[in-house]
Every structure is written in structure tokens, then in C-alpha cells.
Amino acid sequence: MKPEPKKILIITYYWPPAGGPGVQRWLKFVKYLPDFGIQPIVYIPENPTYPIVDENLVKEVSDKAIILKQKIFEPYQLASFLSKNKTKKISSGIIPNQKKQSFLDKTFLWIRGNLFIPDARVFWVKPSVAYLEKYIVENDIDTIVTSGPPHSLHLIGLELKQKLDLKWFADFRDPWTTIGYHKSLRLSSFAAKKHKALEHQVLNTADTIIVTSKTTKTEFQAITNKPIAIITNGYDTEEVGKQTLDSKFSLAHIGSFLSERNPLILWESLVELLHEIPDFKSHLEIKLIGAVSQEVLETITQFGLNSYLNNLGYVSHSEAIAHQKKSQVLLLIEIDSEDTKSIIPGKLFEYMVSNRPIIAIGPNGSDFAEIITETNTGVFFDYSEKMKLKSVILDFYNQFLEGKLQANGVGLQRYSRKNLTKALVELLNKS
């Protein structure tokens with residue numbers, strides 16, 4: 001007789017029809033877990049407030065997954081009556097530049113940072129624990145996974161671990177108190193200490209911590225002695241056909257373009273090339289796909305680049321994959337800060353298998369720089385390397401004119417979602 005599959009309860013906030021990068025990690029793990037003899041049981045909110053919605057992702061949910069839903073009280077739903085646009089942006093991490101914040105911006109940020117700790121989903125903790133405690137006992141579940149952010153979900157794991165005999169894996173898609181926007185939340189000293197205390201408690205109570213980068217692992221090792229495993233994000237086999245390359249020399253940024261990611265060295269390089277290379281202006285296209293901050297758009301205007309801008313806004317995940325495959329060059333931009341060295345954007349892995357070269361800009365020592373270099377999928381620049389950046393753009397442009405521009409990635413298979421799920425299963429079974 002075939003053995004019963006091992007049951008794993010996965011507690012996550014982002015789930016289809018949520019769009020954006022937060023949903024992809026566990027959507028794909030759940031897709032492949034049954035292939036390795038694991039029955040995924042996914043617990044999600046019944047009435048969430050998602051800043052981005054992508055109905056197409058609903059079709060990707062595994063029919064072998066058991067989905068549990070419970071209602072959640074969302075303060076963002078109330079806040080949206082005051083300003084739907086501001087609420088949507090803040091909930092998705094797009095925070096206005098500090099100098100340009102209105103009184104309403106500052107008020108929203110203060111409330112978000114000081115009244116809802118660790119985040120606005122904290123009201124889901126108590127009812128979830130009550131519901132899941134009973135479900136876990138009745139269904140003989142011995143392993144749970146919590147995925148954050150939102151880090152409130154780790155508090156659900158914390159309480160369940162304290163009440164029941166089970167293994168708890170705390171999965172951090174992003175850091176907690178060192179994530180870029182944390183400093184923008186106008187935290188009181190009390191709130192900052194509370195965040196730190198909760199982070200310490202979670203990291204020292206979970207049986208195993210899962211992170212997506214080496215830097216986050218090092219950071220957490222200073223807080224806990226618990227085992228910490230690195231399982232990066234990855235790419236999946238997407239059902240997007242072969243694409244005809246853009247006729248323009250298109251530089252495409254796909255995903256949220258935050259105020260603090262505004263890459264002046266890129267805009268400066270493009271302006272200089274427009275003046276120096278006669279035909280460059282007839283070929284250049286700047287493609288922005290996803291939510292873009294007003295500050296970035298204003299800067300593009302100030303540099304006189306508006307006539308080259310194609311701002312497409314948010315598109316479905318499948319459309320984003322198509323743009324990745326047909327754009328000439330893909331842009332990956334991270335905030336120039338010590339706090340962002342650990343961030344490895346999920347889209348990096350989809351970029352890597354698009355066969356298009358990547359121009360990546362971030363702080364010196366970024367974890368994703370190592371991945372780009374070892375896979376030969378693009379070139380990384382820190383914010384001091386404008387001349388090097390300009391030279392590479394010109395080199396890519398000349399290859400584009402010759403019809404020879406492409407990437408030649410190596411060793412990409414280790415980042416496939418199925419192989420990453422295999423690593424996850426080995427971790428779940430070993431611990």
C-alpha cells in the first residue's frame with residue numbers, strides 16, 4: 001500500500017488572486033510538494049486586502065492542495081475610505097520620499113508603524129490560533145510553516161508552537177527589522193523595541209528558520225542559535241511562447257519601482273549616450289512595468305527622458321514573463337543601503353532564464369550580485385560605477401545593432417522551483 005503523504009500546514013497571507021512577488025514563493029512550493037510525497041494544507045485569509053490582484057494566478061493553484069480560509073480584520077480596509085491610493089501604496093511598500101510626504105502620508109505611516117505591531121495583519125493572529133489549534137489536533141498535523149512578511153503570521157506560528165507539540169519552520173521572504181521600509185515607519189522607541197523583541201522571540205522559538213539570502217542568515221545568526229537554511233526564490237517553467245524581440249533598444253524594469261530605488265547613474269548615463277551617439281535617440285525605449293513611484297517618474301521628466309518612456313503599469317504575471325523574454329535588456333534596481341544587501345528580488349530568477357542580459361544596480365556587496373556573476377546572466381554595478389555602467393549599455397547597444405544581443409546563462413537549473421522544492425522537502429524531513 002502507498003504510504004499516506006506527510007501533511008504540512010502552510011500559513012501565508014499572499015495567495016492567488018494576490019499579484020506581485022510575495023505570492024510566487026509558496027504558490028510554487030505548493031505546486032511541487034505533492035511530487036515529493038507531501039500533502040500541502042494552505043491557510044489564508046478569506047477577505048484579504050491585496051494591493052495587487054492577478055486573477056490569472058488562480059489557475060496555477062495546485063488541485064492537490066487543501067485550502068483553509070478564515071476571515072481577517074484589515075485596518076487597510078478602513079484606511080482606504082480616507083485615501084484608497086495612499087493605502088494601496090503603503091500596504092505594498094511604496095513609501096513617498098520623506099521630504100515630499102504630506103501630513104496624511106506621515107499620519108498613515110505613524111499609525112502603521114506604532115499602532116499595528118508588527119503590521120496591520122496582527123488582528124488575524126488570535127482567531128487564527130484558535131481555529132488552527134483545533135484543526136491541527138483533529139487532523140494529526142505535526143509540522144507547520146509560517147511565511148512572512150507580513151510577520152504577524154510568525155506570531156501565529158509562535159502561539160501554536162507554545163500550545164502544541166509540533167515542528168515550526170519560520171520562512172522569511174524578507175528580513176524583519178532591517179527591511180528597507182522599516183525605518184520609514186516613523187517608529188517610536190517603544191514600537192522599535194517591540195519589533196525587536198518579537199523578532200527575537202520568533203527566531204528563538206521556531207525549530208528552523210528559512211531565509212532567502214546569505215546576508216539575512218548572517219544577520220539572524222547574531223540573534224539566534226537555531227538552524228538557519230537558505231532556500232532562494234527561483235523560476236518556474238512558464239507557459240509563455242517564444243516572443244519576438246522588441247524592435248527598439250528597450251531597457252525594461254519589471255516590478256515595483258520604489259522612490260528609494262531611483263537610479264540617477266542610469267538616467268545620467270542614458271542622457272550622455274543620447275548626446276554622444278547620434279542614432280541612440282531613435283532606438284532607445286525605457287519600459288516600466290508595475291507600480292512606479294511618483295518620484296521616479298518626476299526624475300525621468302527632469303532628465304528629459306519622457307519621450308523615451310513606455311510606462312505600462314501593472315500587468316499579469318504571464319504578460320510580465322512575455323515582456324521579460326522580448327525586452328532587449330532587463331533592469332534590476334535595489335536601494336543603495338546596507339539594509340538591502342540581503343534582498344534578492346524574486347524576479348531575478350525569472351530574468352535569468354529569459355535569455356536577455358541583465359543590468360543590475362545595487363549596494364556594493366549585494367547578495368544578488370554574486371548570483372548574476374556566477375550564472376553569467378548580466379552585469380552588476382554599485383552606485384559609484386557610472387562610467388562602467390555607461391560603457392556596458394553602449395556595448396549592449398552595439399550588440400543590439402548587430403542583432404547579437406543575448407545572455408548565455410550557466411548553472412541555472414539549481415534555481416528551478418522544482419529543485420528548490422526538493423531542497424525544502426529534504427529540510428522538512430531532516431529536521
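**Exercise 1. Find the residue of β5 that stands opposite Ser147, then describe how β4 and β5 pair.**

*Solution.* Start with the residue itself: in this predicted model, Ser147 has Asp171 of β5 across from it. Next, place the two strands. β4 covers residues 143-148 and β5 covers residues 167-172. Finally, look at their direction: β4 and β5 pair in the parallel sense, over 6 bridges.

**Exercise 2. Work out the strand order of the open sheet, and say which strands stand at its edges.**

*Solution.* Let's walk across the sheet. The order is β3-β2-β1-β4-β5-β6-β7, which gives an open sheet of 7 strands with parallel pairing. Now check the two ends of that order. β3 (66-70) and β7 (228-230) each have a single partner strand, so one side of each has no neighbour in the sheet. As a last step, follow the twist: from one strand to the next it averages 20 degrees.

**Exercise 3. Describe how α5 packs against α6: what are the distance, the angle and the handedness?**

*Solution.* Two quantities describe a pair of packed helices: the angle between their axes and the distance between those axes. For α5 (residues 125-138) and α6 (residues 152-163), the axes come within 9 Å and cross at roughly 45 degrees. The two helices are therefore oblique to each other. The handedness of this crossing is right-handed.

Now turn to the residues. On the α5 side you will find Val125, Lys126, Ser128, Val129, Leu132, Glu133 and Ile136. Their counterparts in α6 are Ser152, Leu155, Ile156, Glu159, Leu160 and Lys163. Sorted by class, the α5 and α6 contact has 7 nonpolar, 2 polar and 4 charged residues.

**Exercise 4. Repeat the analysis for α6 and α7: how do their axes cross, and which residues make the contact?**

*Solution.* Helix α7 spans residues 189-205, and its axis comes within 10 Å of that of α6, with a crossing of roughly 50 degrees. These helices are therefore oblique to each other. Here the crossing of α6 and α7 is left-handed. From α6, the contact takes in His154, Leu155, Leu158, Lys161 and Gln162. From α7 come Leu198, Gln201, Val202 and Thr205. In the contact of α6 with α7, the classes are 4 nonpolar, 4 polar and 1 charged.

As a cross-check, look for Leu155 in both lists: it meets α5, and it also takes part in the contact with α7.

**Exercise 5. Locate the partner of Lys31 in a salt bridge, and explain what the pair ties together.**

*Solution.* Side chains of opposite charge can pair when their charged atoms come close. The structure holds 19 salt bridges. In one of them, the side chain of Lys31 meets that of Asp236, at 2.8 Å from N to O. Lys31 lies in helix α1 (residues 24-32), while Asp236 is in the loop between β7 and β8 (249-254), so the salt bridge ties together parts 205 residues apart in sequence.

**Exercise 6. Inspect the backbone at Pro17, Pro149 and Asp140, and place each residue in its loop.**

*Solution.* Take Pro17 to begin with. Its peptide bond from Pro16 is cis, with omega near 20 degrees, and Pro17 sits in the loop between β1 (6-11) and α1. Move on to Pro149, which is joined to Gly148 by a cis peptide bond with omega of about 10 degrees. Pro149 belongs to the loop between β4 and α6. Asp140 completes the tour: although not a glycine, Asp140 has a positive phi of about 55 degrees. You will find Asp140 in the loop between α5 and β4.

Definitions and conventions
Residues are numbered from 1 along each chain as its sequence is written. This is a predicted model: local features need pLDDT of at least 70, side-chain atom pairs count only at pLDDT 80 or more; totals for chains, interfaces and linings use all residues. Side-chain values use heavy atoms; hydrogens and water are left out. Axes are lines fitted to C-alpha atoms, for helices over the stretch in contact, and angles run from 0 to 180 degrees between N-to-C directions. Helices (H or I, at least four residues) and strands (E, at least two) are DSSP runs, numbered from the N terminus. Angles under 35 degrees count as roughly parallel, over 145 as roughly antiparallel, 65 to 115 as roughly perpendicular and the rest as oblique. A crossing is left-handed if the near helix is turned anticlockwise from the far one by less than a right angle, and right-handed if clockwise. Contact means heavy atoms within 4.5 Å. Ala, Val, Leu, Ile, Met, Phe, Trp, Tyr, Cys and Pro count as nonpolar, Asp, Glu, Lys and Arg as charged, and the others, Gly among them, as polar. Two strands pair if DSSP finds at least two bridges between them. A salt bridge is a side-chain nitrogen of Lys or Arg within 4 Å of a carboxyl oxygen of Asp or Glu.
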